[in-house]
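Welcome! Please take a look at the structure below, and then we can walk through some of its parts together.

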Amino acid sequence: MSLEEALATRFVALALRKENNQLKGKVEEGMPGKRIIWKLFFAQGLLILISLTIIGLYVSLSFKDYYISQITSQLESNAILIRGLVKEDILKEKGANIDPLAKKLGREIHCRITIIGPEGTVLGDSKKDPKKMENHLRRPEVKEAMKGREGKSIRYSTTLEKEMMYLALPIKYNNQIIGTVRVSLALDKLKLGVGHIYRIVGWGGILAVILSLLVAFTLARRISRPMSQMAQAAKNISLGDFGQQIVVDSKDEIGDLAQSFNLMSGELESKIEALIREVSEKEAVLTGMIEGVVAIDQDECIILLNKSAQKMFGLSPDDTLGMFHWEAIRNPDINSLFKEVLKTRTQKVIELPINPLLDERTFMVQAAPILDREENILGVVTVFHDITEIKRLERMRMEFIANVSHELRTPLTSIKGSIETLKAGAIAEREHACNFLDIIERHSNRLDRLIADLLDISRIETGKKQMILKPIKVMELVDKVISDFRETSIKKHQEISVDIPEDLPMALADEEAIETVLKNLLDNAIKYTPENGEITITASGNNGYIEIVVADTGIGIPEKDIPRIFERFYRVDKARSRELGGTGLGLSIVKHIIEAHEGTVSAESELGKGSRFTITLPESPGLE
């Protein structure tokens, strides 16, 4: 599986995830608070309610108008009849007969009858005493009748304290109005009749509304149920649940839509599962890559940052994905590389030092465009190959070759020079010949030590030198090493003191290898400590490890050189080191041996005050 395939799948996954999020948002937006069933129900119910209200009002008003027209006809008939009966009494000025007649007729036709003279004076009334009644000339119906027309009005009667309908007709003689007959009827029955009609219409409307709403609800539910199921299924699909099936019994368009939705859901589920498997496999490849991988889209936003790249730049994917690359990666060379490849659509490789948190490392950065089938650029992918170790090994190899060459050349030059001098005739002079032979012997021994040290380091690094781990007593081993250097320390008037507790646990180590370590440390301490100096060896137990410290009061090591003193052939003072017979490999051997024991080695020093070397070894379990 190639990196390009994995990245292409990543782009597809991101696009699908983006569309899925958009679909999810749209589905959630499309799921209103009120379901469609209620929309249909309320719409139909409102339409029915409006229709029934209009019909009810129309029926009620029509009935009222009809009832009033019937009352008007009745009053007109009564008024005409009464007008004929009272006309002669008015002409003969028999006013005393008019009031009893009005009361009699009123009782018979169940109407109020009022006879009014031409000046508005009430001549007779079926309900009240005409003498106590006020002038009726200003009554609207009377005004109309005095003009020779039929007068009609509906108003509240202060006399009877009821709402009345009045109808007045003029009484004429020889085309002159000699009076007015007014017939009125209380509208109580009208109100009762209209109220009854309103109740009938109201209850009928309520019943019709209830029945209509039940029908509307049933119909709306039948229509909305499959639509609600599809909406809910779409929402579930947007949340990742693709096993959605809709059951619809209808054979209409809604049933066809539901069937199509079920087919789509099944196809989508199988395709998404296949894509997820493929994406998971290829994302696992990207995540597990040792190389750092960073990808951006055509908008220069970061869409991929694997774990190696996160560690490389000290970034978090939660805070970085979606950001512009120049906002997340504060490296102008990398940002320029992104822009250049995005613009030119050509692959480019550069070697670049990167300094995350001051731990500078060197990377070979390979940037390539990502194109679709139509050669449209989708983004840029950059792979960071960490070549720091390769560079370091290459540098060490070059330094090693240079150092070995130098270390070999110096004694070989001396040996060669001595041999040439002897050949030139110095061999005949015994005293000079012995001096040159001493030089040859001394440098031969130096070459022998150098080769032995190189072989030791090589065997330790390659694992060919097997460490035979067994419990050893640190005190006995220290005494053994000190005894080998006792004579040398006495000559320099140096005091070697030991501070090791008797109950110190045994160390689990290779005795011969640790003896070599202590010899190298003690040899350096004696060499670089002036006469009358002091050397101290201490040991203590610490959290399952034995800590051994070799300290001296020697010349010390500059602070800048301390990090490199365990490198091969590294010397603080090259001339003095060679003068004292050092190969430059002693501390490197110490480091390799201690690390092979899964221990640690460190150094502390101050110029003019001495040095302190500390090694740790694992305790021997169960032994003291």
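## Helix H14

How long should helix H14 be from end to end? This is a predicted model, and H14 covers residues 511-527, which makes 17 residues. At 1.5 Å a residue, with the span taken over one less than the number of residues, H14 should span 24 Å. The C-alpha atoms at its ends are 24 Å apart, so the model agrees with the expected value.

Just at the start of H14, a side-chain oxygen of Asp510 comes within 3.1 Å of the backbone nitrogen of Glu512. Further along, you will find the buried residues of the helix: Ala513, Ile514, Glu515, Val517, Leu518, Asn520, Leu521, Leu522, Ala525, Ile526 and Lys527. It helps to remember that an α-helix has 3.6 residues a turn, so residues three or four places apart point the same way.

## A nonpolar patch

Now let's visit the surface. Trp203, Ile206, Leu207, Ile210, Leu211 and Leu214 make a nonpolar surface patch of about 650 Å². To find the patch, look for helix H5, residues 188-238, where Leu207 has its place.

## Asp297 and its polar contacts

Is Asp297 buried or exposed? Asp297 has a relative accessible area of 16%, and because buried means under 20%, Asp297 counts as buried. This residue lies in strand S6, which runs over residues 292-297.

Which backbone nitrogen does the side chain of Asp297 reach at 2.9 Å? That nitrogen belongs to Cys301. A polar atom of the Asp297 side chain also lies 3.0 Å from the backbone nitrogen of Asp299.

## Val122 and its surroundings

Another strand to look at is S2, residues 122-125, where Val122 is found. Val122 has a relative accessibility of 6%, and therefore counts as buried.

What is Val122 in contact with, leaving aside its neighbours within four places in sequence? Its partners are Thr114, Ile115, Ile116, Pro130, Met133, Glu134 and His136. As for Asn135, it is 13 residues from Val122 in sequence, while the two C-alpha atoms are 6.6 Å apart in space.

## The whole protein

Let's step back to the full picture. The protein has 16 helices and 17 strands. It contains 624 residues, and 39% of them count as buried. Its accessible surface comes to about 36,700 Å², with 55% of that belonging to carbon and sulfur atoms.

Finally, consider the contacts with a separation of 6 or more: 60% of them are accounted for by residues 24 or more positions apart.

Definitions and conventions:
Residues numbered from 1 in each chain as written. Predicted model: local features only at pLDDT ≥ 70, side-chain atom pairs only at ≥ 80, totals over all residues. Heavy atoms only, no water. Patch = residues over 30% accessible without salt bridge, like charges linked within 9 Å, V, L, I, M, F, W, Y side chains within 5 Å. Areas by Shrake-Rupley, 256 points an atom, 1.4 Å probe, with all protein chains shown as cover. Salt bridge = Lys/Arg side-chain N within 4 Å of Asp/Glu carboxyl O. Helix = DSSP H or I, 4+ residues; strand = E, 2+ residues; numbered from the N terminus. Buried < 20%, exposed > 50% of the residue type's maximum accessible area, 1.4 Å probe, protein only. Polar contact = N/O pair within 3.5 Å; in protein donor to acceptor, adjacent residues only side chain to side chain. Contact = heavy atoms within 4.5 Å.
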